[in-house]
Amino acid sequence: MAKILDDLSRTFSEYLLIPRLTRKEHLPRNVSLAAPIARFKAGEASRLTLNIPVVSASMQAVSGTDMGVALARQGGMAFVFCSQTIEAQAAMIAKIKAHKAGFVRSDSNVKPTATLRELLDVMKKTGHSTVPVTEDGSSNGRFMGIITDKDFWEFEDDLSSQVKGYMTPKEKVIHGTVGITLKEANHQLYKHKKEALPILEADGRLNSLVFKKDYVDHINNPLELLDPRKRLVAAAGINTHDYKERLPALVEAGVDVVSFDSSDGFSEFQKEASLWARERYADKLIIGGGNVVSAEGFRYLVEEAQLDFVKVGIGGGSICITREQKGIGRGQASALMEVVEERNRYFREKGVYIPICSDGGLANDTQIIIAMAMGADFVMMGRYFAMTNESPTPKVSIKGRIYKPYWGEGSNRARNWERYVDEKGSSRLHFEEGVDGYVPVVGSVNEVLAMTLEKMRATMCNLGSKTLAEFTQNAVLTLVSEQSIEEGGTSNIIKVDSKFDDDT
């Protein structure tokens, strides 16, 4: 007969934290939210550390180029969805890597003989107002000068005129040479009051550009997550079907982290795909996967599949219906606590720490905090980010309020057939594991995250913690009854935003 677990399948909403001693140094400004994302040995550091413990789900309605840029600038990352062509996903990764790079490879270049009309076409296509002029019009051609939209008047000058008559020639352009540091380049921009600094090779060819706006962006986003070349970190979801073609394209585009996207990752398919990737890319690529809800599933993905991090959660997402469709899943709190316990046991046995991502079951900021207290290193969310301006779906007005479409990767709308190919090779979706709907728009990623992270820092101070590791170590959790949940809300008052009759 089937094995029956003794414990109940519990959710985050069933727990509260008990405060611990708050000392004078426990102030929000002293709190670090840094979290590891790649396995590491005791006494060593993770190959990559998130500056905030938050990532967005690999979903069509959540993680595109804009989300990848916005989250990396805040210190997290977005897993660009894989339910699209390989070329389209790789192009998204490339755009994230090129958005902010310190030393930026120029993608807007013209020849000296190009017309102003051709220049305008380049500016409008790329959105750039500063364009290098190279001998052959390439990004690495011999540098001849530079031209900006301030050097000519679109509606007054003859647009058939050549660029060389309006550009600033090389001998008058302040520039740097390969080998200059980013700090030195920014100093040159400040000293000469310039917006862009061309960086040239020894033979006079254009190597890259450094922009003032990138320096300003860095000052305004001190937690931005960067690779060793000062580019934004980029992440992508992958599947176990076309990984042999998809992964090389993503690596070529510059991807830093990948994660297998599966509702149930406890499978030989994920093991085989992960080992293939590990053999080819070793530790140059961070590889995560899942999802699992048990200690057994965690051990398999860590020992057999050799993953860097493991995602926990089945059926707890806001648009996921796996539990009701297939009877598979577990309350997110119960699943997370069991996997965390097994992770800690594995660390004691092997001396290797495996970061855990809590994926799903997070309805509000409080539950994000509870997940971290229970031992998650970081959380993955879909609906939370689908509601922001940076999600890739269009805004729509419904009864005077602004919404965005939101659907699951297991829904018909996603057309994510790769997840459901049967043994006969049919890719027809026989049943759905996700739903299709709308979520209200709540603002930018920056605005939404700011509130969540401030709550997290404040709670950590309440528990006498300045790091997430201390927070998990210090956390004391208590189960709550329905009555105590009701007690924790407001009672016996009329809220100021309530609707009531004049004679109330």
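How do the residues of the lining of the largest pocket divide into nonpolar, polar and charged? In this predicted model, they divide into 16 nonpolar, 13 polar and 15 charged.

The lining of this pocket comprises 44 residues, and the space inside is about 1,400 Å³. Two or more lining residues come from each of the helices α1, α2 (86–99) and α5 (212–220) and the strands β7 (130–134), β8 (143–148), β11 (196–200) and β12 (206–211). Helix α2 contributes the most, with six residues. Lying nearest the centre of the pocket are V104, H128, T130, L209 and F211.

Helix α1 (residues 65–74) also belongs to a right-handed β-α-β unit, together with strands β5 and β6. The two strands of this unit run parallel and are joined by two bridges, β5 covering residues 54–56. One pairing can be followed at the residue level: S56 has A78 of β6 as its bridge partner.

Strand β6 (residues 77–80) pairs with a further strand. That strand is β13 (residues 235–238), and the pairing is again parallel, over two bridges. Here F79 of β6 stands opposite A235 in β13.

What remains is the environment of the β6 side chains. In a regular strand, side chains alternate between the two faces of the sheet. In β6, M77 and F79 lie on one side, while A78 and V80 lie on the other. These four residues are all buried, so with buried meaning under 20% relative accessible area, both faces of the strand are covered.

Notes:
Residues are numbered from 1 along each chain as its sequence is written. This is a predicted model: local features need pLDDT of at least 70, side-chain atom pairs count only at pLDDT 80 or more; totals for chains, interfaces and linings use all residues. Side-chain values use heavy atoms; hydrogens and water are left out. Buried means under 20% relative accessible area, exposed over 50%, partly exposed in between (1.4 Å probe, protein chains only). Helices (H or I, at least four residues) and strands (E, at least two) are DSSP runs, numbered from the N terminus. Two strands pair if DSSP finds at least two bridges between them. A crossover is right-handed if, with the strands pointing away from the viewer, the path from the first strand over the helix to the second runs clockwise. On a 1 Å grid over the protein atoms alone, a cavity is a set of points where a 1.4 Å probe fits but cannot get out, and a pocket is an open set with protein on both sides within 12 Å along at least five of seven lines; lining residues have an atom within 4 Å of a point. Grid points are joined across faces, edges and corners, and a volume is the space filled by probe spheres set on the points. Ala, Val, Leu, Ile, Met, Phe, Trp, Tyr, Cys and Pro count as nonpolar, Asp, Glu, Lys and Arg as charged, and the others, Gly among them, as polar.
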